[in-house]
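Student: Please take one part of this model and look at it closely, then follow it outward into the rest of the chain. I would like the cut-offs behind each term as you go.

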Amino acid sequence: MNLTLKIWRQKGPTEKGKIVTYPISNIDGDMSFLEMMDVLNVELVEKGEVPVAFDHDCREGICGMCSMYIDGEAHGPDRGITTCQLHMRKFKDGDTIYIEPWRAKAFPIVKDLVVDRSAFDAIMNAGGYISVNTSGNTIDANAIPIPKEDADDAFEAATCIGCGACVASCKNASAMLFVSAKVSQLSLLPQGKVEANERVIKMVEAMDEQGFGNCTNTGACEVECPKGISLENIARMNREYLKAMVKK
Ligand code: SF4
Ligand code: FES
């Protein structure tokens with residue numbers, strides 16, 4: 001198929017960006033979206049032009065790097081997948097496709113479609129871990145009984161890949177879905193309950209410090225999340241935060 005790509009180009013964090021139009025032809029429906037971007041970049045290099053910078057790594061929906069806003073949707077016009085899992089058969093011959101970076105104050109643009117998501121790292125550093133005594137007396141994790149429902153909910157929360165689509169699709173650029181998934185994956189398990197109060201307060205504080213907006217329950221994050229992280233995590237985090245503040 002033949003397509004017209006309208007791509008956000010920006011030389012650097014402080015440069016002014018703009019949408020640039022690139023026609024592209026002979027794109028196979030079985031190609032992934034990133035393979036289509038590779039074809040474009042090869043053509044640009046052959047013409048002596050600067051290729052489009054975009055993040056990617058695993059190309060199989062695991063690492064969360066392929067942050068692209070495609071036709072006004074985080075990770076494009078499909079559900080439950082990342083940009084690297086999007087196939088060109090989702091588009092029609094003659095389509096015009098708009099490709100932009102995540103847009104949020106806390107995710108400044110580095111170049112073209114690449115944004116700096118280290119604000120997520122700062123939140124994780126604030127409390128997204130458990131402190132384990134590794135002196136040799138550590139209890140084997142398998143020896144601690146965990147209710148099946150809690151284990152399942154913790155597992156579901158742990159599938160968050162930190163891609164940032166929730167922030168990009170939220171009109172407030174809120175990181176509540178991400179933070180609540182990271183809080184939940186630990187606080188639901190016995191090993192994470194020890195520091196649960198301290199953790200939720202520190203992570204919410206870090207989220208605010210990094211400049212993310214507030215949650216107003218519009219639910220766009222849940223719709224666009226490639227891993228189906230549920231809004232129930234936000235409700236759980238709000239309960240935990242309230243409880244922790246009362247005990248503080
Ligand atoms: S909650 Fe979903 S959209 Fe947000 S960072 Fe995690 S996987 Fe990505
Ligand atoms: S490149 Fe790793 S999730 Fe897309």
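Tutor: Apart from its neighbours within four places in sequence, Asp 93 is in contact with Met 1 and Asn 2, where contact means that the C-beta atoms, placed from the backbone, lie within 7 Å. Asp 93 and Met 1 are 92 residues apart in sequence, yet their C-alpha atoms are 4.6 Å apart in space. This is a predicted model, in which local features need pLDDT of at least 70 and side-chain atom pairs count only at pLDDT 80 or more, while totals for chains, interfaces and linings use all residues. Residues are numbered from 1 along each chain as its sequence is written, and chains are lettered from A and ligands numbered from 1 in the order in which they are written.

Asp 93 sits in the loop between β4 and β5 (helices, H or I with at least four residues, and strands, E with at least two, are DSSP runs numbered from the N terminus). Asp 93 counts as exposed because it has 10 C-beta neighbours inside 10 Å; a residue is exposed with 12 or fewer other C-beta atoms within 10 Å of its own, buried with 20 or more, and partly exposed in between, the C-beta atoms being placed from the backbone.

The loop that holds Asp 93 leads into β5 (96-100), and this strand has a covered face made of Ile 97 and Ile 99 and an uncovered face made of Thr 96, Tyr 98 and Glu 100. In a regular strand, side chains alternate between the two faces of the sheet. β5 runs parallel to β1, joined to it by four bridges, and Ile 99 of β5 is the bridge partner of Ile 7. β5 also pairs with β3, in the antiparallel sense and over two bridges, and there Ile 70 stands opposite Ile 99. Two strands are said to pair if DSSP finds at least two bridges between them.

These pairings belong to an open sheet of five strands in the order β2-β1-β5-β3-β4, with mixed pairing; its edge strands, each pairing on one side only, are β2 (18-24) and β4 (73-74). β1 (residues 3-9) is joined to β2 by seven bridges in the antiparallel sense, and Trp 8 has Ile 19 of β2 as its bridge partner.

Two loop residues around β4 deserve attention for their backbone angles. Most residues other than glycine have a negative phi. Asp 71, which is not a glycine, nevertheless has a positive phi of about 50°; Asp 71 lies in the loop between β3 (69-70) and β4, and it counts as partly exposed because it has 15 C-beta neighbours inside 10 Å. His 75 likewise has a positive phi, near 65°, and lies in the loop between β4 and β5, but His 75 counts as buried because it has 27 C-beta neighbours inside 10 Å.

Further out, the chain divides into domain 1 (3-111) and domain 2 (117-247), with bounds that come from an automatic or database domain assignment. The centres of the two domains, taken over C-alpha atoms, are 29 Å apart, and their contact takes 18 residues from domain 1 and 17 residues from domain 2.

The largest nonpolar core has 62 residues, of which Cys 166, Val 167, Leu 177, Phe 178, Val 179 and Met 203 touch the most other members; such a core is a set of buried Ala, Val, Leu, Ile, Met, Phe, Trp, Tyr and Cys residues joined through C-beta atoms within 7 Å. Among the elements that supply at least two residues each to this core are β1, β5, α4 and α5, and α5 gives the most, with seven residues. Because domain 1 and domain 2 both give residues to it, this core lies between them. Leaving aside its neighbours within four places in sequence, Val 179 is in contact with Ile 123, Met 203, Val 204, Met 207 and Met 237.

Finally, 14 residues surround ligand 1, the closest being Cys 160, Cys 163, Ala 165, Cys 166 and Cys 225; a residue belongs here if its C-beta atom, placed from the backbone, lies within 6 Å of the molecule. α4 (165-169) and α5 (176-187) are the elements that give two or more residues to this shell, and α5 provides the largest share, three residues.

Note on methods. Two residues are in contact if their C-beta atoms, placed from the backbone, lie within 7 Å.
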